[in-house]
Amino acid sequence: MGEIKEFKPEILKEIDRIIKQFPEGNQKSAILRVLHLAQNEFGNWLSADTMDYVARLLHLNPIEVYEVATFYSMYNVKAVGKVVIEVCRTGPCCLVGAENIIRHLENSLEIKPGQTTADGLFTLKTVECLGACGYGPMFQIGETYYENLTEEKVDGILNTFRTAQN
Amino acid sequence: MGQKLLLDTVHIENIQTYEGYAKQGGYQAIAKVLKSMSPEEVLEEVKKSGLRGRGGAGFPTGMKWSFIAKPEGVPRYLLCNADESEPGTFKDRYLMEKNPHLLIEGMIVSSFALGCHTSYIYIRGEFMWILHILEKAIAEAYAKGWLGKNIKGSGYDLDLYVSPGAGAYICGEETALIESLEGKRGNPRIKPPFPAIKGLWQSPTVVNNVETLASVVPIINRGGEEYAKIGIGRSTGTKLISACGNVNKPGVYEIELGISVEEFLYSDEYCGGIKGGKRLKACVPGGSSVPILPHYLVTKTAAGEQRLMSYESLSDGGFATGSMLGSGGFIVFDEDQCVVRNTWNFTRFYHHESCGQCSPCREGTGWMEKVLHRIENGHGHMHDLDLLWDVQRKIEGNTICPLGDAAAWPVAAALRHFREEFEWHIKEPIKCLKGNYGLVNEPALAV
Ligand SMILES: Cc1cc2nc3c(=O)[nH]c(=O)nc-3n(C[C@H](O)[C@H](O)[C@H](O)COP(=O)(O)O)c2cc1C
Ligand code: SF4
Ligand code: FES
């Protein structure tokens, strides 16, 4: 199944550093962080292959990795686009217009939350409070928070990613 | 201007770096501790300070520390709760981003007091960029000899690490946090045993909020008694409040506990009043889990006294007419907001975040979400209100962890204070889709 997955040497080194942060025999504690690295490296999502590879790296049973990957909302267990927009839909952001921003994203991208654009560039995901409530509406792309969003700002951000793609 | 103890230096340009922090008197608390204090003496200062947990529950920190078990030959752990996922709360993020060394110093002092030699900061996965800031600051602290073996020749060893979550509100609950740090799903544990006896890897563990641990630094620098002079009554010291919603100046503010809600909400030093000159409709003063207060109970209590920003005053009147200071997530609603819609939104949040272990929480939050959605969309019935009341009451107190209560309380409070707005949604199904109810009336006979 699929190509053989392998982290780059510098990431393997990083994983080694992470495992050493926990007492011997508790390498399982590294799993969340390693899954973040895996998701970044292997196409923004965790395929069964990727999870099996992580299980082998950490000397865990694959089920231990699946259990974790399916519990936490940051992990995508289905394929997603190159750019994943995680837009906050929780109360405080809605008080300052998050619902309009979500609608604007749906209209501009012509998709609903949970879907990916036909060109495979954007996935739209609604998420719960990201700890930016005073700076809403907001979304996160990768590690970056985009705050105090307006429709114009959103258009600008989408265009930047579209241009970078071409 | 109130005193600032945590954010007093955040505007200094290089405060994020070791040099910047040290220049402002950083690492003097831990220097003092290592030179002249025993762990018991540190604990004593924290007890004297009256510091209460800043994560939400307000439990006295010194007392919590004194519960930690000390079996021979078993390691103990201090975990910093940087999960910050309670809607309305974004203060810990600000503190860590602006002043990472303050948290690190607080953790070294606190670890020393507890006799821990390995400590972890558990940070929500979405804050990955802050994890990098913290790791950079930790590396500096190691390089300067404040972490590692035999710190500054004192014989005390400490390692400090940061570990991320991955998107799960429940991992802010301390036993779920421990499970998550062990690399598992974040299912809360049944207590007892409490973490102080069996926590991380079955060892004695203390979990404290970011702000709590950072506050230990000024407590040591000034002395517990001096710290306790700030604030009011049993609400000592300063508190970070994150203000959001319909205010002119949303943001993170450090207040002296005991200033009036009116000052916090309306003065230019803090929120600067309601945005657009609108009227205040309601306020959730301590994060989404605490009861909502209607406009007439925000700045004064039911007895007509001034309401203060303190643990006691915000909860004055109990759940009948009060709320809680909670995590300090101060959410403000103007007259154009819909309480039914917001209650539905919060309930959907709790349903989404329920870990699913207990049926009252898993099923009850789902029911409430559906019923509220129905009412909000003009399909409600009067008996839905009794149903909602019944479901929330059956969740409260019947679950493994407090997420159940956190989901029930906002619904109960909304029904208690905004019943006429709920009824209006049911009686005016068309109107409620087009507009909002406005302000509810103050009951004529306020007790
Ligand atoms: C569902 C739930 C979520 C919580 N989330 C957080 C959180 O994000 N941050 C936090 O510090 N405490 C949170 N708490 C409270 C913690 O369980 C714990 O009481 C706190 O970290 C103790 O620290 P303190 O005594 O310093 O406040 C949460 C509790 C529950 C029940
Ligand atoms: S109350 Fe809810 S979140 Fe807490 S353990 Fe039970 S099901 Fe899980
Ligand atoms: S509600 Fe959107 S970041 Fe908190």
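Colleague: What classes make up the lining of the largest pocket?

Modeller: The lining of the largest pocket divides into 17 nonpolar, 16 polar and 11 charged residues. The model is a predicted one. The volume of this pocket is about 1,200 Å³. Among its 44 lining residues, Gly55(B), Gly56(B), Ala57(B), Gly172(B) and Glu173(B) are the closest to its centre. Glu173(B) is called charged because Glu belongs to the charged class, whereas Ala57(B) is called nonpolar because Ala belongs to the nonpolar class.

Colleague: Which element gives the largest share of the lining of the largest pocket?

Modeller: E4(B) does, with five residues. Helix H5 (91-98), E4 and helix H17 (403-417) of chain B each contribute at least two residues to that lining.

Colleague: Why is H5 called a helix?

Modeller: A helix is a DSSP run of H or I with at least four residues, and H5 is such a run, covering 91-98, so the name applies.

Colleague: What takes up the space of the largest pocket?

Modeller: Ligand 1 takes up that space. The rule asks for more than half of the atoms of a molecule to lie within 2 Å of the grid points, and ligand 1 is therefore said to sit in the pocket.

Colleague: Which residues come nearest to ligand 1?

Modeller: There are 18 residues around ligand 1, and Gly55(B), Asn81(B), Asn208(B), Asn209(B) and Thr212(B) come nearest. By class, this shell has four nonpolar, eight polar and six charged residues. Strand E4 (residues 205-209) of chain B provides its largest share, three residues.

Colleague: Why is the pair between Gly55(B) and ligand 1 called a polar contact?

Modeller: A backbone N or O atom of Gly55(B) lies 2.7 Å from an oxygen atom of ligand 1. The cut-off for a pair of N or O atoms is 3.5 Å, and 2.7 Å falls within it, so the pair is a polar contact. The side chain of Asn208(B) has an N or O atom 2.9 Å from an oxygen atom of the ligand. For Arg54(B), a polar backbone atom is 3.3 Å from an oxygen atom of ligand 1. Both values lie within 3.5 Å, and both pairs therefore count as well. The protein covers 89% of the 610 Å² of accessible area that ligand 1 has on its own.

Colleague: Where does ligand 2 sit?

Modeller: Ligand 2 sits in the largest cavity, which holds about 80 Å³ of space.

Colleague: Why is this space called a cavity?

Modeller: The name is used because a 1.4 Å probe fits there but cannot get out, whereas a pocket is open. The largest cavity has 13 lining residues, and Cys355(B), Cys358(B), Cys361(B), Cys401(B) and Leu403(B) lie nearest its centre. By class, its lining has eight nonpolar, five polar and no charged residues. Cys355(B) is nonpolar here because Cys is placed in that class.

Colleague: How many cavities of 30 Å³ or more does the count give?

Modeller: The count gives three cavities. About 60 Å³ lies in the second largest cavity. Its lining includes Val284(B), Ser288(B), Phe346(B) and Ala414(B). Helix H14(B) supplies the largest share, three residues. The lining divides into six nonpolar, three polar and no charged residues. Ser288(B) counts as polar because Ser is in neither the nonpolar nor the charged list.

Key: Residues numbered from 1 in each chain as written. Chains lettered and ligands numbered in written order. Predicted model: local features only at pLDDT ≥ 70, side-chain atom pairs only at ≥ 80, totals over all residues. Heavy atoms only, no water. Near = heavy atom within 4 Å. Polar contact = N/O pair within 3.5 Å; in protein donor to acceptor, adjacent residues only side chain to side chain. Areas by Shrake-Rupley, 256 points an atom, 1.4 Å probe, with all protein chains shown as cover. 1 Å grid on protein atoms, 1.4 Å probe; cavity = no way out; pocket = protein on both sides within 12 Å on 5 of 7 lines; lining within 4 Å. Points joined across faces, edges and corners; volume = space filled by probe spheres on them.
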